[in-house]
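The exercises below concern a single protein chain. Each consists of a task and a solution worked in steps.

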Amino acid sequence: MTSVGSPGTWTPPANNGEVRVPVDEGVELRGILQVPPAASGVVVLARGHGSSRRGARDLTVARLLQAEGLATLAVDLLTAAEEEAWRERDLRFNVGLFAGRIASVARWLRRAPRTSGLRVGYLGSYTGAGAALAAAALRPESVDAVVCRGGRLAMSGTVLSRVRAPTLLIVGGDDTSALEPHRRAFAALKSEKRLEVIPGATHRFEEPGTQTQMVELAGLWFLQHLGAPRWETQPESRALGV
């Protein structure tokens, strides 16, 4: 994959790309939408409670994907008021709520003028990882590829078996509490699937080079399944149980 800032890569415009996405009656989510010229697909970046569309980590991931010709929508799955009240309303790990909202975001992207012709992918992290899979099971027709990284994926095999989109699971080799749940989730998936383990990485992929490696794997998966002509071959597999 191309490194951000290398010659010929796309630089996001000066405007901040702020959008408001209606997901329920009277509920709008805040997001940042960036669409490179001739984008080959659009990726929804979803994390869940405590995430921010302007978080440094998500902005870095978004820029790396944009450099490969993928549009990105970094979205807050809770409104500002809900973030303030999450303790009282038990919203922190409400995967069902997040899943419905991710699916609604995908529906909006398929209708929005700048993205209506693009295939849609989900990149879920932490709580957003389980929510992305649940959204893919809830409305299989709304998503064309899913990548989950660093999530706990504590959901039933029945839900996972309803996912139809090609799905890539990425987990750190040193994230010991997540390895077995990822293996179980991988076994339950019935769609095209892949499990990648990044050696030396922990839950947040904070170790040197691990975040870039994670984004490269995710980007290749999206380029393959969202229809980018520049995709060639995936790197040699480090998959478990594949």
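**Exercise 1.** What should the 16 residues of helix H7 (residues 210-225) span, and how far apart are its end C-alpha atoms?

*Solution.* The model is a predicted one. The expected span of a helix is 1.5 Å times one less than its number of residues. For the 16 residues of H7, the expected span is therefore 22 Å. The end C-alpha atoms of H7 lie 23 Å apart, which agrees with that expectation.

**Exercise 2.** Determine how many residues of H7 are buried, and describe what follows the helix.

*Solution.* A residue is buried when its relative accessible area is under 20%. By this criterion twelve of the 16 residues of H7 are buried, and the helix is mostly covered. Among them are Met214, Val215, Leu217, Trp221 and Phe222. Just after H7, Gly227 adopts a positive phi of about 95 degrees.

**Exercise 3.** Give the order of the strands in the sheet and identify the strands at the edges.

*Solution.* The chain contains seven helices and eight strands. An open sheet of eight strands is arranged as S1-S2-S4-S3-S5-S6-S7-S8, and its pairing is mixed. Strand S1 (18-24) and strand S8 (193-198) each have a single partner strand, so one side of each lacks a neighbour in the sheet. From one strand to the next, the twist averages 20 degrees.

**Exercise 4.** Trace the pairing from strand S6 through S7 to S8, and state the handedness of the unit that S7, H6 and S8 make.

*Solution.* Begin with strand S6 (residues 145-149), which runs parallel to strand S7 (residues 167-172) and is joined to it by four bridges. Within this pairing, Cys148 has Leu169 of S7 as its bridge partner. Next, S7 pairs with S8, again in the parallel sense, over six bridges. Here Val171 is matched with Val197 of S8. Helix H6 (residues 176-188) lies across S7 and S8 and runs at about 165 degrees to S7. Together, S7, H6 and S8 make a right-handed β-α-β unit. As for cover, five of the six residues of S8 are buried.

**Exercise 5.** Which strands does helix H3 (residues 95-111) lie across, and what percentage of the residues in the chain is buried?

*Solution.* H3 lies across S1, strand S2 (27-34), strand S3 (42-46), strand S4 (71-75) and strand S5 (120-125). Relative to S1, H3 runs at about 120 degrees. For the chain, 54% of the 242 residues are buried. The exposed area is about 10600 Å², of which carbon and sulfur atoms supply 49%.

Technical notes: Residues numbered from 1 in each chain as written. Predicted model: local features only at pLDDT ≥ 70, side-chain atom pairs only at ≥ 80, totals over all residues. Heavy atoms only, no water. Helix = DSSP H or I, 4+ residues; strand = E, 2+ residues; numbered from the N terminus. Buried < 20%, exposed > 50% of the residue type's maximum accessible area, 1.4 Å probe, protein only. Pairing = 2+ DSSP bridges. Axes fitted to C-alpha atoms, helices over the stretch in contact; angles between N-to-C directions. Contact = heavy atoms within 4.5 Å. Areas by Shrake-Rupley, 256 points an atom, 1.4 Å probe, with all protein chains shown as cover. Right-handed = clockwise from strand over helix to strand, strands pointing away.
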